[in-house]
Amino acid sequence: METRRVMLADVAAAAGVSATTASYILNGRAAQMRIAPETDERVRAAAARLGYRPNRSARSLRTRRTATIGLVSDQIAGEQYGSSMLTGASLAARELDHLVVMGESGGDADLERLLLEEMRERDVDGIVYATRTARTIHLPDALRGVRSVLLNCEDPDERYASVLPDDEGGGRTAAATLVAAGVSEVWVVGEDPTPEATAGPRRMAGIRAGLAEAGLELAGVVACDWSVTEGFAATTRWLAGGGRAEGLVCMNDRVAMGVYQALAEAGLRVPDDVSVVSFDGSALAGWLRPVLSSVELPFTELGALAVRRLLDSDDHGGTETVPMVVRHGGSVRTARDGPA
């Protein structure tokens, strides 16, 4: 048996007010129309009790807003970090009485264009354009003239609102974590080969700056792609050539896993012989033993901030970064342990 949809008139009758008064209250205009707080409370209680949901189609005709947000990405839905961005965006949208409609291009430029055009045809209230990897982009033509926020990416030539993790600040945090443990010789493992990627260079700048504040210089870089196998192979070669360090900063948790394996095969212990800190704050960090100290990427917060900025009519664009904090594990010795 089909259940009849609860209408505004039902809510008004249950609360003992007119449909017009109920409409004002449920559309957030109670204060403007000088409706008594107790009436406001009674109508909202009735709406909640009856399970009333506003008719979005009718509201969009009235307000010329659809209460929907388009989110177009290259490839984030299946990724741990990407799904966290989606969670943050969806929760923030719900708090602001909006829904998120998502499309994923898989990196296909033609499909991306079609998705963006579809979002425009749906008359979404704005578009969040997201990328899996923090990087610079060239603004897609289909985004021009549409209220948009760039998530985990930025176009240096445009003033569109952009939301990114504070990778440079994260680099400072990684360096400070080792310095606080009394480490004075620091090497970095990992080098991002992607020209448009921003995380690697900014993390490196932060690491150098953080060490400089302590009167130290970066001892060197073990270059490798950001993967377990490359981290293991590069660190193994470095150790075989006589490489040693009190502390290692790995550019992500996958590199750190390879580094752990290489150190173990060389008979070196974490953190007794070498302190290790990384980036991402992924589930992998919690599986390593000892648990890896990792500077966490704030993807849930990034997604939420992108939506809030999109729906903030007073937002004037520009890049905003979200702080990255370290999740402490057991991979960095404490200062009282003394030099390795």
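Where is the place of Asp280? In this predicted model, Asp280 has its place in strand S9, and the residue serves as a convenient way into the structure. Asp280 is not a glycine, yet its phi is positive, at about 125°. At 6% relative accessibility the residue counts as buried, because the cut-off for buried is under 20% relative accessible area.

**The protein as a whole**

The secondary structure of the protein comes to twelve helices and twelve strands. Taken along the principal axes, the box filled by the C-alpha atoms is roughly 80 × 45 × 45 Å. The radius of gyration of the protein is 25 Å, whereas a compact globule of 340 residues would have one near 20 Å. Of the 340 residues, 47% count as buried, and the accessible surface comes to about 16,900 Å², with 50% of that surface belonging to carbon and sulfur atoms. When contacts between residues at least 6 apart in sequence are considered, 70% of them join residues that are at least 24 apart. The protein carries 36 positive and 47 negative charges, and the mean positions of these two sets are 8 Å apart.

**The six-stranded sheet**

Strand S9, which holds Asp280, belongs to an open sheet of six strands in the order S7-S6-S8-S9-S10-S12, with mixed pairing. Strand S7 (220-222) and S12 stand at the edges of this sheet, and each has a single partner strand, so one side of each is left without a neighbour in the sheet. The pairings listed below give the sense and the number of bridges for several neighbours in the sheet.

| Strand pair | Sense | Bridges |
|---|---|---|
| S6 (residues 186-189) and S8 (residues 247-250) | parallel | four bridges |
| S6 and S7 | parallel | three bridges |
| S9 (residues 275-280) and S10 (residues 293-296) | parallel | four bridges |
| S10 and S12 (residues 326-327) | antiparallel | two bridges |

Individual residues can be placed within these pairings. On the S7 side of strand S6, Val189 stands opposite Val222 in S7, while the bridge partner of Val186 in S8 is Gly247. Strand S6 is covered on both faces: Val186 and Val188 lie on one side, Trp187 and Val189 lie on the other, and all of them are buried.

Further along the sheet, Phe279 stands opposite Val295 in S10. Val295 also stands opposite Val326 in S12, and Ser294 has Arg327 as its bridge partner in S12.

**Backbone geometry around the strands**

Most residues other than glycine have a negative phi, and most peptide bonds are trans. Against that background, two peptide bonds and one further residue deserve a look alongside Asp280. A cis peptide bond, with omega about 0°, joins Val270 and Pro271, and Pro271 lies in the loop between helix H10 (253-265) and S9. The peptide bond from Arg289 to Pro290 is also cis, with omega near 0°, and Pro290 has its place in the loop between helix H11 (283-287) and S10.

Is Asp123 buried or exposed? Asp123 has a relative accessible area of 52% and is therefore exposed, since the cut-off for exposed is over 50%. Asp123 has a positive phi of about 60°, although it is not a glycine, and the residue lies in the loop between helix H6 (109-121) and S3. Asp280, by contrast, combines its positive phi of about 125° with a buried position at 6% relative accessibility.

**Two further positions**

Asp141 is found in the loop between strand S3 (127-136) and strand S4 (148-154), where, at 63% relative accessibility, the residue counts as exposed. From Asp141 to Ala306 the separation is 165 residues in sequence and, C-alpha to C-alpha, 20 Å in space.

Thr39 is found in helix H3 (residues 37-50), and at 15% relative accessibility this residue counts as buried. Which residues does Thr39 touch, not counting those up to four places away in sequence? With those excluded, Thr39 touches Val17, Thr21 and Ile25.

Methods. Residues numbered from 1 in each chain as written. Predicted model: local features only at pLDDT ≥ 70, side-chain atom pairs only at ≥ 80, totals over all residues. Heavy atoms only, no water. Rg over C-alpha atoms; globule rule 2.2 N^0.38 Å. Buried < 20%, exposed > 50% of the residue type's maximum accessible area, 1.4 Å probe, protein only. Contact = heavy atoms within 4.5 Å. Areas by Shrake-Rupley, 256 points an atom, 1.4 Å probe, with all protein chains shown as cover. Lys, Arg positive; Asp, Glu negative; His and termini not counted. Charge placed at Lys NZ, Arg CZ, Asp CG, Glu CD. Pairing = 2+ DSSP bridges.
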